[in-house]
Amino acid sequence: MNSMKITDVRCEMGDSAFLIDDGKTSVLYDTGFGFTGYFIADNIKKALGKRKLDYIFLTHSHYDHALGSAYILRRFPNAKVVAGKYAAEVFKRDGAKRTMKELDLAFSKKCNAKDYEFLADELRVDILVSEGDVIKAGEMNFEVIALPGHTKCSIGFYEKERGLFLSNETLGVYDGEKLIVPSFLVSYKDTISSIEKVEKLKIKQILSPHYGILSENQTSYFLENMKASSEDGAKEILSHIKNGKSDEEIVEIIKKRYWKGYIRKIYPEDAVTLNTSIMINLVKEELR
């Protein structure tokens, strides 16, 4: 079995893009923003030299994970894009592409990025996958794990022989220390079911979106606390609802708890505000 190298190829803290390479076959795990796409492609080129990029794995359809693929494919047109069937449907929707453009442009301005061509019409999926499918990437074999909760199309990838799990925000967003931010945006109950599914896997190491490869201790901590994090977050929101707090008040309370340190660096405030509002509505629908 060839050794595996994982390289952080991000350009902005909020990007999610990591290169997995066993020396013969390369896989890009998520692709970051659109406005950083070409720069991420440059970082991939530096890492691979004259070798090609073989696969792009997309964990879900959100712009900060998937949009960069359109730009990277201009540099590596033969790379095969792997994503869930629902994500492929999202990429075809004009409304979804307009939202991606608005969000990507807004964050690019905060990062003082120069004007750039918007390529959402070039988003594609070459290999449609669902629960249990296996992608053979050279000597690496990645099983697809459906993880709905953050989005309907959320998936993870499990390399059983190495015990490596390519995670997804459904399980929570980790700051590398003690904070795991719940991120259930389409269903709280599906999120808990997805987390329980991952708890059954024999995982030695996690590649975490927006952070990178976790150490053995970080992996253990995350696995032991990911479920409680989502449960505690939902319970806190529910408590504030029952105590008569307004949605605006709850948003500020939850932001104070989670939007700090490393999390503050990778998530713009408007995104945190929007996501928290969505979670409040889900708690009202599913738990009240």
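Helices α7 and α10 are roughly perpendicular to each other, because their crossing angle falls in the range of 65 to 115 degrees. The axes of α7 (residues 216-242) and α10 (residues 269-286) cross at roughly 75° and come within 10 Å. The model described here is predicted. The points below treat this helix pair, the nonpolar cores, the packing of α3, and two individual residues, His60 and Glu122.

**The α7 and α10 pair**

- On the α7 side, the residues that meet α10 are Ala234, Ile237, Leu238 and Ile241.
- Their partners in α10 are Met279, Ile280, Val283 and Lys284.
- Ile237, one of these α7 residues, also belongs to a core of 25 residues that is separate from the largest one.

**The nonpolar cores**

- The largest nonpolar core comprises 34 residues.
- Within this core, the residues with the most contacts are Leu28, Ile44, Leu53, Ile56 and Ile72.
- Two or more residues of the core come from each of α1 (37-48), α2 (63-66), α3 (68-75), β5 (80-84), α4 (85-91) and α5 (94-110).
- Leu53 illustrates these contacts: leaving aside residues up to four places away in sequence, Leu53 touches Leu19, Ser26, Val27, Leu28, Ile44, Leu48, Ile72, Phe76 and Ala79.
- The second, separate core has 25 residues, among them Ile237, Ile250, Ile254 and Ile266.

**Helix α3 and its surroundings**

- Six of the eight residues of α3 are buried, so this helix is largely enclosed by the rest of the structure.
- The buried residues are Gly68, Ser69, Ala70, Tyr71, Ile72 and Leu73.
- These buried residues pack against β3 (26-29), α1, β4, α2 and β5.
- The axes of α1 and α3 lie 8 Å apart, and the two helices pack at an angle of about 50°.
- The two helices, α1 and α3, are therefore oblique to each other.
- The crossing of α1 past α3 is right-handed.
- From α1, the contact involves Gly37, Tyr38, Ile40, Ala41, Asp42 and Ile44, while α3 supplies Gly68, Tyr71, Ile72, Arg74 and Arg75.
- Ile44 and Ile72, which take part in this contact, are also listed among the residues with the most contacts inside the largest nonpolar core.

**Residue His60**

- His60 lies in the loop between β4 (55-57) and α2.
- His60 counts as buried because its relative accessibility is 0%, and the cut-off for a buried residue is under 20%.
- One polar contact, of 3.0 Å, links the side chain of His60 to the side chain of Thr59.
- Another polar contact, of 3.3 Å, connects the side chains of His60 and Glu169.
- Not counting residues up to four places away in sequence, His60 touches His65, Ala66, His150, Thr151, Cys153, Ser154, Asn168 and Glu169.

**Residue Glu122**

- Glu122 is located in the loop between α5 and β6 (127-129).
- With a relative accessible area of 35%, Glu122 is partly exposed.
- Outside residues up to four places away in sequence, Glu122 touches Ala70 and Arg74.
- The side chains of Glu122 and Arg74 form a polar contact of 2.6 Å.
- Although Glu122 and Tyr71 are 51 residues apart in sequence, their C-alpha atoms are 8.5 Å apart in space.
- Arg74, the polar partner of Glu122, also takes part in the contact between α1 and α3.

How values were computed: Residues are numbered from 1 along each chain as its sequence is written. This is a predicted model: local features need pLDDT of at least 70, side-chain atom pairs count only at pLDDT 80 or more; totals for chains, interfaces and linings use all residues. Side-chain values use heavy atoms; hydrogens and water are left out. A nonpolar core is a set of buried Ala, Val, Leu, Ile, Met, Phe, Trp, Tyr and Cys residues joined through side-chain atoms within 4.5 Å. Buried means under 20% relative accessible area, exposed over 50%, partly exposed in between (1.4 Å probe, protein chains only). Helices (H or I, at least four residues) and strands (E, at least two) are DSSP runs, numbered from the N terminus. Contact means heavy atoms within 4.5 Å. A polar contact is a pair of N or O atoms within 3.5 Å; within protein, one must be able to donate a hydrogen and the other to accept it, and residues adjacent in sequence count only if both atoms are side-chain atoms. Axes are lines fitted to C-alpha atoms, for helices over the stretch in contact, and angles run from 0 to 180 degrees between N-to-C directions. Angles under 35 degrees count as roughly parallel, over 145 as roughly antiparallel, 65 to 115 as roughly perpendicular and the rest as oblique. A crossing is left-handed if the near helix is turned anticlockwise from the far one by less than a right angle, and right-handed if clockwise.
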